[in-house]
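Biologist: I'd like a close look at a single part of this one, please. Could you pick out the side-chain contacts along one helix and walk me through them, pair by pair?

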Amino acid sequence: QQQQQQQQQQQQQQEIPDASTLFAREIINLIGHEDIAKVIEYQEEIGENLRLSCEALAQMNDFAGKEYTKLFKEYQKHTKIMKEMKQDLDYVFQKIKILKEKIYTTYPQALIQKS
């Protein structure tokens, strides 16, 4: 007898739809099947556009990654060259300064007349 009561309660619970089912039924009743079909069609179209956009972005990302790697290597080479040039120029200016000091000590009158 207890099992029969439990079975009856389960059947009653199964017959009573939950809130989400009731909500879905009401929405279906409010909106026509043609409108629902249109919404689904639009969703599929938007999904396809999103997929294509993701593919295009992935391809662009791959391309940008390859270009960045290539350009970064060139940038490193140029940076190294610039540092070497700066060292060379510093050395040249240091030598010029030493030469000016030697000339000034050897020929002080020559520099005063030009100034």
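Modeller: Here is a walk through the side-chain pairs of helix H3, with the rest of the chain as a backdrop. Keep in mind that this is a predicted model. The chain has four helices and zero strands, so to speak a plain α-α-α-α when you read along the sequence. Helix H3 covers residues 33-106, and among the elements of the chain H3 has the highest mean pLDDT, 94. At the other end of that ranking is helix H4, residues 108-114, with the lowest mean pLDDT, 66. Where pLDDT is low, the predicted coordinates should not be read in detail. For the chain as a whole the mean pLDDT is 86, and 87% of the residues reach 70 or more.

Let's start with charge. Side chains of opposite charge can pair when their charged atoms come close. A search of the whole structure turns up four salt bridges, and I'll take you through three of them, beginning with Glu48 and Arg51. Their side chains meet in a salt bridge, at 2.5 Å from N to O. Glu48 and Arg51 sit three residues apart in helix H3, which means they are separated by about one helical turn. How open are these two? Glu48 has a relative accessibility of 34%, so it counts as partly exposed, and Arg51, with a relative accessible area of 38%, is partly exposed too.

Arg51 has another partner, Glu55. The side chains of Glu55 and Arg51 meet in a salt bridge at 2.3 Å, N to O. Both lie in helix H3, four residues apart, about one turn of the helix. Glu55 comes out at 38% relative accessibility and so counts as partly exposed.

Moving along helix H3, you get to Glu67 and Lys70. Glu67 forms a salt bridge with Lys70, and here the closest N and O atoms are 3.6 Å apart. A salt bridge needs the nitrogen within 4 Å of the carboxyl oxygen, so this pair makes the cut. Glu67 and Lys70 are three residues apart in helix H3, about one turn of the helix. Glu67 is partly exposed, with a relative accessible area of 26%, and Lys70 counts as partly exposed at 45%. As for how the bridges link up, shared partners join Glu48, Arg51 and Glu55 into one network.

Now for the rings. A pair of aromatic rings is described by the distance of the centres and the angle of the planes. The count comes to one aromatic pair. That pair is Tyr68 with Phe72, 5.8 Å centre to centre with 20 degrees between the planes, and it is stacked. Planes under 30 degrees apart count as stacked, so the 20 degrees between Tyr68 and Phe72 puts them in that class. Both rings belong to helix H3, four residues apart, about one turn of the helix. Tyr68 counts as exposed, because its relative accessibility is 55% and exposed means over 50%. Phe72 is partly exposed, with a relative accessible area of 35%.

Last, the surface. Leu89, Tyr91, Val92, Phe93 and Ile96 make a nonpolar surface patch of about 500 Å². Of these residues, Leu89 lies in helix H3 and counts as partly exposed, at 46% relative accessibility. And what share of the chain's residues count as buried? Of the 115 residues, 0% do. The chain exposes about 11500 Å², and carbon and sulfur atoms supply 57% of that.

Methods. Residues numbered from 1 in each chain as written. Predicted model: local features only at pLDDT ≥ 70, side-chain atom pairs only at ≥ 80, totals over all residues. Heavy atoms only, no water. Phe/Tyr/Trp six-rings, centres within 6.5 Å; stacked < 30°, edge-to-face > 60°. Helix = DSSP H or I, 4+ residues; strand = E, 2+ residues; numbered from the N terminus. Buried < 20%, exposed > 50% of the residue type's maximum accessible area, 1.4 Å probe, protein only. Areas by Shrake-Rupley, 256 points an atom, 1.4 Å probe, with all protein chains shown as cover. Patch = residues over 30% accessible without salt bridge, like charges linked within 9 Å, V, L, I, M, F, W, Y side chains within 5 Å. pLDDT = per-residue confidence, 0-100.
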